[in-house]
Amino acid sequence: MKKNDTPPKNFAEKLDSLIEFVHDVDENNMQEVREKLISFGVNPDTLARKGLALILDLEKKEKVKVAQARRQQLLSLYDKLQRIDVMQPIEIVRNKLSTILSAEGDSQFAQAFAHKHKDITEDDLRNLLSDAELLNLFEEELKKLDSNPQE
């Protein structure tokens with residue numbers, strides 16, 4: 001203790017001494033730190049154990065938060081996958097497919113199927129729509145991952 005070497009008598013004095021001590025930690029070696037903590041009425045081993053337990057608890061809580069967020073993302077993705085309905089009327093399938101293909105613009109995929117999808121069997125159209133919707137869904141998810149790389 002710099003100001004005086006007598007132990008503090010009340011909580012406020014202990015706190016003031018501890019704050020002063022924390023600011024001077026760089027100047028102290030570990031044995032001095034232990035001794036000063038003991039002079040403040042703090043068991044250094046208990047303090048270290050509690051500090052480590054606090055850090056581990058915070059780390060565990062953070063992992064739980066991340067796991068819950070990932071679970072929510074997976075549930076959302078699963079919900080979107082469940083909404084892909086290829087057994088809807090064929091005209092709706094054709095219209096959705098046309099919309100998806102027209103959104104592709106000048107891609108070879110769009111050009112190859114834009115004018116030919118009327119000649120494809122209904123099952124093939126449904127499969128094509130399913131694949132196109134899955135690709136769109138994956139593209140959306142990749143964009144989300146790219147915008148939030150920490151998740």
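## Close-up views of an all-helix model

**Figure 1. Helix α3 and what covers it.** The buried residues of α3 have cover that includes α2 (30-39) and α6. This is a predicted model, and α3 is a good place to start looking around in it. Three residues to find in α3 are P44, L77 and K80, which are buried. The helix is built from 39 residues, and from its first C-alpha to its last it reaches 56 Å. That is close to the 57 Å expected at 1.5 Å a residue. At the N-terminal end of α3, look for N43, which acts as a cap. One of its side-chain oxygens lies 2.9 Å from the backbone nitrogen of D45.

**Figure 2. The whole protein, for orientation.** How many helices and how many strands does the secondary structure come to? There are six helices and zero strands, so the pattern along the sequence reads α-α-α-α-α-α. The protein has 151 residues, and 20% of them count as buried. Now consider contacts between residues at least 6 apart in sequence: 55% of these join residues at least 24 apart. The protein exposes about 11800 Å², with carbon and sulfur atoms supplying 57% of that area.

**Figure 3. A salt bridge within α3.** The structure holds nine salt bridges, and this view shows the one between E62 and K65. Their closest N and O atoms are 3.6 Å apart. Both residues lie in helix α3 (residues 44-82), where three residues, about one turn of the helix, separate them. An α-helix has 3.6 residues a turn, so residues three or four places apart point the same way. Is K65 buried or exposed? With a relative accessible area of 53%, K65 is exposed, because the cut-off for that word is over 50%. E62 has a relative accessible area of 41%, so E62 is called partly exposed.

**Figure 4. A salt bridge in α4 with a buried partner.** Here E91 pairs with R94, and the closest N and O atoms of this salt bridge are 3.5 Å apart. The two residues are separated by about one helical turn, because they sit three residues apart in helix α4 (residues 90-103). How accessible is each partner? E91 is partly exposed, at 48% relative accessibility. R94 has a relative accessible area of 16%, and it counts as buried because that value is under 20%.

**Figure 5. A salt-bridge network that includes E141 and K144.** In this view the side chains of E141 and K144 meet in a salt bridge, with 3.4 Å from N to O. Both are found in helix α6, three residues apart, which is about one turn of the helix. E141 counts as buried, at 16% relative accessibility, while K144 is partly exposed, with a relative accessible area of 40%. Which residues are joined into one network by salt bridges that share partners? They are K80, E141 and K144. You have met K80 already, as one of the buried residues of α3.

**Figure 6. S130 and its contacts.** S130 is found in helix α6 (residues 122-147). Its relative accessible area is 18%, so S130 is buried. Which residues does S130 touch, not counting residues up to four places away in sequence? Look for I84 and V86 beside it, as these are the residues that S130 touches.

Key. Residues are numbered from 1 along each chain as its sequence is written. This is a predicted model: local features need pLDDT of at least 70, side-chain atom pairs count only at pLDDT 80 or more; totals for chains, interfaces and linings use all residues. Side-chain values use heavy atoms; hydrogens and water are left out. Helices (H or I, at least four residues) and strands (E, at least two) are DSSP runs, numbered from the N terminus. Buried means under 20% relative accessible area, exposed over 50%, partly exposed in between (1.4 Å probe, protein chains only). Contact means heavy atoms within 4.5 Å. A salt bridge is a side-chain nitrogen of Lys or Arg within 4 Å of a carboxyl oxygen of Asp or Glu. The expected span of a helix is 1.5 Å times one less than its number of residues. A polar contact is a pair of N or O atoms within 3.5 Å; within protein, one must be able to donate a hydrogen and the other to accept it, and residues adjacent in sequence count only if both atoms are side-chain atoms. Accessible areas come from the Shrake-Rupley method with a 1.4 Å probe; for residues, only the protein chains shown count as cover.
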